[in-house]
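User: Please take a close look at the surroundings of the ligand in this model, and at the backbone features worth checking by eye.

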Amino acid sequence: MSIISIILICILLCLVCYAVYQRFCYFKNRSIPCPPLPSIFLGHLPILWSVKSHAEQLRQWTQQYGSVYGLFEGIRPMYVTSDVAFIEEIFVKQFHRFPIRRLTLLNRSIGHKLSNVFSAGLLSIWRRQRRILTPTFTGAKMRRLLPTVDTCVNLFMDKLNTVPSGSIFNIYELYKRLTMDVICRCAFGIDTDVQNDMENQNIYMKKVAEMFAKNHELTLLPRMYRVTSHTVFGGICVLLFKLKRLITTNESKLQANVWLLEHMNEFVQQRFNKTETHKPTSDLLQLMMNAVHSDKDMLTPTELLSNVFVVLAAGFETTSTALAYCTYCLALHQDIQEKLYQELVEHWCPDETNTYDIISSKLTFMDLFVREVLRMYPPVPQVVHRQCTENTHVAGHDIRKGTLIQIDVLSVHYDQELWGPEPVNEFHPERHLQKRHPLAFLPFGAGPRTCIGMRFALMEVKLCLAQLISTYRILPSSFEDYKLNITEQLSMTPDSVCIKVEKRITSSSH
Ligand code: HEM
């Protein structure tokens, strides 16, 4: 090698080092605090990947560094904030400059053609899909879906009835089956019988369980992508991922989410063929298909498939986890459970026509209760983030295109100024009677890209709780030191929620 080539390589290396150094000065140049970097190439990711809970780690850093601080994902800067004015700017006022989430390796590999309303990385695609799908989740459509949810909840109650009185069991397992049953029936109109399938024979249940048991974003290639996504090496990871997919001929070795996506196609195709000869069914897939038909050429069959998949993924674990936390709070706060029971004694006389109205307008204390549970235990805080797509200024900070903004939801939800005067660590449903800052409550995110399935989830949670509390008294497995062990992969989930149930003696049960 000639001396000139050596000098050129040295200059190139120096330039790369200087560029990386400049990157790491991003927050220093803006006088924004930043925890010490554990690694030059990985940024703060080694810490975030090794802790038990990502959200708890952010909260700890907020206590140390304040309501706006910086982290690095590889060399990409990421703001972490719990300042509601800052959040409002990003999620609402300047939404057009922060319209997307971080693109995962899977999203980038499958490309825009297969993007869905959750993963859409282009504002135009997201806007079109969201506009088409929004009518699927209105109150009127929820009313139509309620009888199906009710059938599943009745099955859940039958299962509960087989639990011997006084024995301790993990209700979270039953909730997972319930929400899987609900989403399969409501989204695709299929009866998986998953609540009776205690041996886990159902392949869809297996795959969905697998998808949530292991966060594929934490396997080697997606990790490498997260570190390098902001550089040319991100493209190399995408190529490697596609190559891996091509050479994986063994179906069982396919990543569960890729497997599911491919197999959902069968359902959609079957339904497309079926509607030509059969009366349309009333489920989410049908509602989405109606939307496709009424909005010609605006949602392609591939996009429809991708959205069906996302409904399955988004609607399963979030809702079962919310139910699990609600049950834990019921067991822990017997006085509040009694108050909920009294409200049900007064208003819970459901028949075929009025159930949705009772749930949505009569059970006011139930609403406060569920809100308080979601304030203290937001199931998916990591999802609440945005990526900047245009240089801008937010609350005096100059933010560059490509930068991520992660919301520290726990710090917002436990902010005494936003949620006082009652101590924020106390479970106090009535605090939601008072008007709060519009960005202080974030379990479903905020702004135009907030959770599209919120109405559906709340209907399911409240219907299940109403049936549960009016039939049983929920007791903790032990009155001493009754705590949850919470860990976080994609969502913040308890390992288990162990309770005992006691049938209520009512006048009708004599
Ligand atoms: C208690 C249950 C649920 C919780 C806590 C929850 C939470 C969330 C959160 C935090 C987001 C991100 C919002 C943002 O970035 O601002 C989200 C988005 C989303 N959720 Fe949910 N969710 C729940 C249930 C559901 C259900 C049942 C469905 C479907 C039937 C669903 C479908 C979606 C979709 C499609 C998005 C993406 C919306 C978009 O990007 O436009 N979610 N959810």
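Analyst: The ligand shell comes first, then one annotated cysteine, then the backbone.

This is a predicted model, in which local features need pLDDT of at least 70, side-chain atom pairs count only at pLDDT 80 or more, and totals for chains, interfaces and linings use all residues. Residues are numbered from 1 along each chain as its sequence is written.

The ligand is surrounded by 25 residues, where a residue is near a molecule if its C-beta atom, placed from the backbone, lies within 6 Å of it. Gly315, Thr318, Gly445, Cys451 and Gly453 are the closest. Two helices, α15 (301–332) and α21 (454–471), each supply at least two residues of this shell. The most comes from α15, with seven residues. Helices (H or I, at least four residues) and strands (E, at least two) are DSSP runs, numbered from the N terminus. By residue type, the shell holds 17 nonpolar, six polar and two charged residues. Here Ala, Val, Leu, Ile, Met, Phe, Trp, Tyr, Cys and Pro count as nonpolar, Asp, Glu, Lys and Arg as charged, and the others, Gly among them, as polar.

Cys451, one of the closest residues to the ligand, carries the feature "binding site" in an unreviewed UniProt entry. UniProt positions are given in the numbering used here, feature names are shortened, and annotations may be inferred rather than shown by experiment. Cys451 sits in the loop between α20 (416–419) and α21. Cys451 counts as partly exposed because it has 19 C-beta neighbours inside 10 Å; 20 or more would make a residue buried, 12 or fewer exposed, and anything in between partly exposed, with C-beta atoms placed from the backbone. Leaving out residues up to four places away in sequence, Cys451 touches Phe444 and Gly445, contact being C-beta atoms, placed from the backbone, within 7 Å. Gly445 is also among the closest residues to the ligand.

The loop between α20 and α21 also contains Pro421. The peptide bond from Gly420 to Pro421 is cis, with omega near 0°. Most residues other than glycine have a negative phi, and most peptide bonds are trans.

Two non-glycine residues have a positive phi: Ser31, at about 55°, and Ala395, at about 45°. Ser31 lies in the loop between α2 (26–29) and α3 (45–50), and counts as exposed because it has 7 C-beta neighbours inside 10 Å. Ala395 is placed in the loop between β5 (392–394) and β6 (397–399). With 14 such neighbours inside 10 Å, Ala395 counts as partly exposed.

How values were computed:
Two residues are in contact if their C-beta atoms, placed from the backbone, lie within 7 Å.
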